[in-house]
Amino acid sequence: MTTAAEIAARAERDDIRKRWLLSTPALVIIFLAGIGPLLVVVLYSFLTPGPYGDVKWEFSTDAWVGVFLQRDIFDDTLGIADAHLSIFLRSVRLSFATTILTLLFGFPTAYFIATRPERTQALWLFVITIPFWTNLLIRTFAVQEVIRNEGILNTALIWLGVTSTPIQILYTDWAIGIGMVYVYLPLMVLPLYASMEKLDFRLVEAGYDLYATRFQVLRRIIIPLVKPGIIAGSILVFIPSLGAYVTPRVLGGGKQMMLGNLIELQFGAGRNWPLGAALALTLTVIVTVALLFYVRYAAHSEQRHG
Amino acid sequence: MKRRLTIAAMTAALLATTGLARAEGELNIFNWGNYTAPDLIKKFEETYKVKVTVTDYDSNDTALGKIRQGGHGYDIVVPSASYVQIWVEEGLLLESNPNQMENFKNVDPRWVDVEFDPGRKYTVPWQWGSTGVSVDTAVYKGDINTSAIFLDPPPELAGKINVVPEMADVMHLAIRYMGGEPCTGDKEVLKKVRDKLVEAKTKWISMNYGNIEAMAKGDYAATVNWNGASLRMRDAKSSIHYGYPKEGYPLWMDNAAILKDAKNVENAKLFLNFVMAPENAALISNFAKYANGIMGSEKFMPPEMATAPEIVTPAEFSDKGKFMLRCAPEVQEIYTKIWTEVQK
C-alpha cells in the first residue's frame, strides 16, 4: 500500500524530471550557442600563438599580460600598454557620447510619438524602424555620400551661400558622431516610447494644475516615470557602440583604431589569436560590469519609488 | 526510428557511390571569389570533357583553415605568395612539377625562380600585382614614383592622402623607404620606420579601403593602392596615375597548385598546363584585370589593357618590386606593435 503522501511525492519527482527534460533543448542551445564558444575564447586566451595564426597548445599568460603591459619594442622596458589603453578609452568615450546624444535626440522624438493620437503612433513607429530594413554598411556609406565634400549637404550649403568652400565633415570626429547617432537612434527611441506610452498623462496635467513649471513637470514627473526606458535605451546603445567599428572606420577615416579594429588585427595580420581573445574578453568584462551596475541601480531606484 | 536511420544510411551510401562513379571527369577548384574567369572554365570543360566546379574563398586564412581540416574534396587551390611556403611546409600541396609540363616554356623567366617556390615545383602563376601610390596629377605635378608621396608628402598633397589599412603592404613600403629589407628585425631601421609613420600620419586624411570612388570624386588626391585598382581609377578620372615607388615596393602573386589529397590529379595537372597557355592566361587577366606572368598573353588582351602602365611595369622600376613573404613570428609581433602604436 502506498500512502497518499508517497504518491504525491512521486508525482512531484516526476514533474521535476519532466520539467528538466522539457527544458533540455533550451539548455543545449544556451550551452552550444552561448557558453560553449565563450569557453573556447577563454581557453584560447591562455594558449601560445601559433606561427601562422591559430594557437599552439601550450599554456601561457602572455596574452593577458599583453593586454595591460607591454615590453617597449626598442628599449625593452616594461610599461603600461598605453596604445591598448588609449584605444579602450577612445571606444568607451565614443560610446558615452553616442549614448548621451541619442538620449538628447531620442527623448523628444519618443515624447512626440507617445503624444500623437493612437492611430498615427503606429505610423510614426513604422517610420522610425525603416532604417533597419537596410544593411548597416549601406546606411553608413549613404551618410558618407551626404556629408562628403562634393556631397548633398555641402552642395546645398554652397548653393545657399552659407559657405563658399566645402566644409570638411567627412573623416572628422563630427562625421563619426553623426553616423553613430543616426545608426543607434532607433535603439534609444523604441524603449523610450515603450515606457512613455504607459505614462499616465493625467499626472502631467495634475502637475500643471499645481502650478509646476514645464521644466519641473519634466524633471519631477516625466523623467522619473520613464526612467526604466531611459536606462534600457542607454544600455541598448552603449553596448553595441563599444564594439562598433564599421561606422568609425568608414566615416572617421579609420586613422585611429577602435577596440573592434584592435581585436580584428590580432586575428588577421597580427597573427596573435590569444591576445585577440584576451582583448575580446576584456571588452566582455567591461560590458558585464556596466550591466551589473545597471541592475543594482535599477533595483535601487525601484525601492525608492516603491 | 531505427528503420528510418537505416534507410537514411543506405541513401547516403548510394549517393556516395554515384559520386565516386562520376568522379572520372571532374575537377574541383577552390579559388578567391570573383577571380576565376567563367569563359576559361567553359573552354577547359569543352576541351577536356571535364566537369569543373568552382568554390570561392575570401582570404588566405579561410582557405588554409578549411584545407587543414581535411575532407574538402578540392583539387586546385590558389594561395598568395606569402602563404605558399606555409602550404608547402604543412604538407598540403602535391609536388606536381609544373616545370616539366609542356606549356611551362611560356612562364616569364622572372617568375620561375621565385623565393616562395624555387624552380616552380608546386605552383604556376595565376595573377600578380604590386602595391604603390595613385596620385591625381592635376593636384601634384612632381615625381610620383616614390613612397615620399605618403611618407614625406609634398605640401600640395598634405591632408588629402589616404593609406590602405593593410599592415603588410604599408610596413613593406615604409621599411624599404627607410633603407631596410622586407621582414627585417633590425631595431634601428624599425625605430625610424615607426617615427616616420607616426609623423606622416598627421598628414593623412584617412586609412580606408574602397578608395576608387573617393579618388574620382576628389576626397583624396593620393592614396596607397594596388595597381589594378589604380587602373580602374584612371578609367574614372584620367589625371590619376600609378607610381611605382623607386625606394622599393611589394609584389603579390597568387599561384595555382594541386592539393596533396586531390582526387582528380590528372585533370588538375591538365588544368595547370592549360592556364600556362598564353591565350588562356589572357582570359584570366581580361576577367580580373591583373597581369598573369605568362609571356605572349598580352596579344590576347584588349589593347588598352596590354599597354597600361599599371599592368606593364616600366623597365626602370621592374627590379624594385619584391615579394611580400611571411615574416618570422617575433618580427611580426614587432610590426603589429608598431602598427597599433601608429593608430592608437
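The following dialogue reads a disulfide, a pair of domains and a chain interface in a predicted model.

Me: How many disulfides does the structure hold over all chains?

Reply: A disulfide is recognised from the distance between two cysteine sulfur atoms, with a cut-off of 2.5 Å. Here the structure holds one over all chains. The partners are C183(B) and C327(B), whose sulfur atoms lie 2.1 Å apart.

Me: Which parts of chain B does the pair C183(B) and C327(B) tie together?

Reply: One looks up the element in which each cysteine lies. C183(B) is in the loop between α6 (167–177) and α7 (187–201), while C327(B) is in the loop between β12 (321–323) and α13 (329–342), so the disulfide ties together parts of chain B that are 144 residues apart in sequence.

Me: Why is the disulfide of C183(B) and C327(B) called left-handed?

Reply: The sign of a torsion answers this. About the S-S bond of C183(B) and C327(B) the torsion is about -70 degrees, and therefore the disulfide is left-handed.

Me: Is C327(B) buried or exposed?

Reply: Buried means under 20% relative accessible area, and exposed means over 50%. C327(B) has 11% relative accessibility and therefore counts as buried. Its partner C183(B), at 25%, counts as partly exposed.

Me: Where do the domains of chain B lie in the sequence?

Reply: A domain may be made of separate segments. In chain B, domain 1 covers 2–128 + 252–306, and domain 2 covers 131–250 + 314–342. Their centres, taken over C-alpha atoms, are 31 Å apart. The contact draws 14 residues from domain 1 of chain B and twelve residues from domain 2 of chain B.

Me: What is found across the interface of domain 1 and domain 2 of chain B?

Reply: One may consider area first, then charged pairs. The two domains of chain B bury about 1300 Å² between them, with 59% of it on carbon and sulfur atoms. One salt bridge is found across their interface. R326(B) forms a salt bridge with E89(B), the closest N and O atoms being 3.1 Å apart. On the side of domain 1 of chain B that touches domain 2, α4(B) contributes the largest share, five residues.

Me: How many salt bridges cross the interface of chain B and chain A?

Reply: The same reading applies between chains. Four salt bridges are found across this interface, and E145(A) with K217(B) form a salt bridge at 3.0 Å, N to O. On the side of chain B that touches chain A, α13(B) gives the most, with ten residues. Chain B and chain A bury about 3100 Å² between them, 52% of it on carbon and sulfur atoms.

Terms used
Residues are numbered from 1 along each chain as its sequence is written. Chains are lettered from A and ligands numbered from 1 in the order in which they are written. This is a predicted model: local features need pLDDT of at least 70, side-chain atom pairs count only at pLDDT 80 or more; totals for chains, interfaces and linings use all residues. Side-chain values use heavy atoms; hydrogens and water are left out. Helices (H or I, at least four residues) and strands (E, at least two) are DSSP runs, numbered from the N terminus. Buried means under 20% relative accessible area, exposed over 50%, partly exposed in between (1.4 Å probe, protein chains only). Domain bounds come from an automatic or database domain assignment. Contact means heavy atoms within 4.5 Å. Buried area is the accessible area (1.4 Å probe) that two parts lose on being put together, summed over both. A salt bridge is a side-chain nitrogen of Lys or Arg within 4 Å of a carboxyl oxygen of Asp or Glu.
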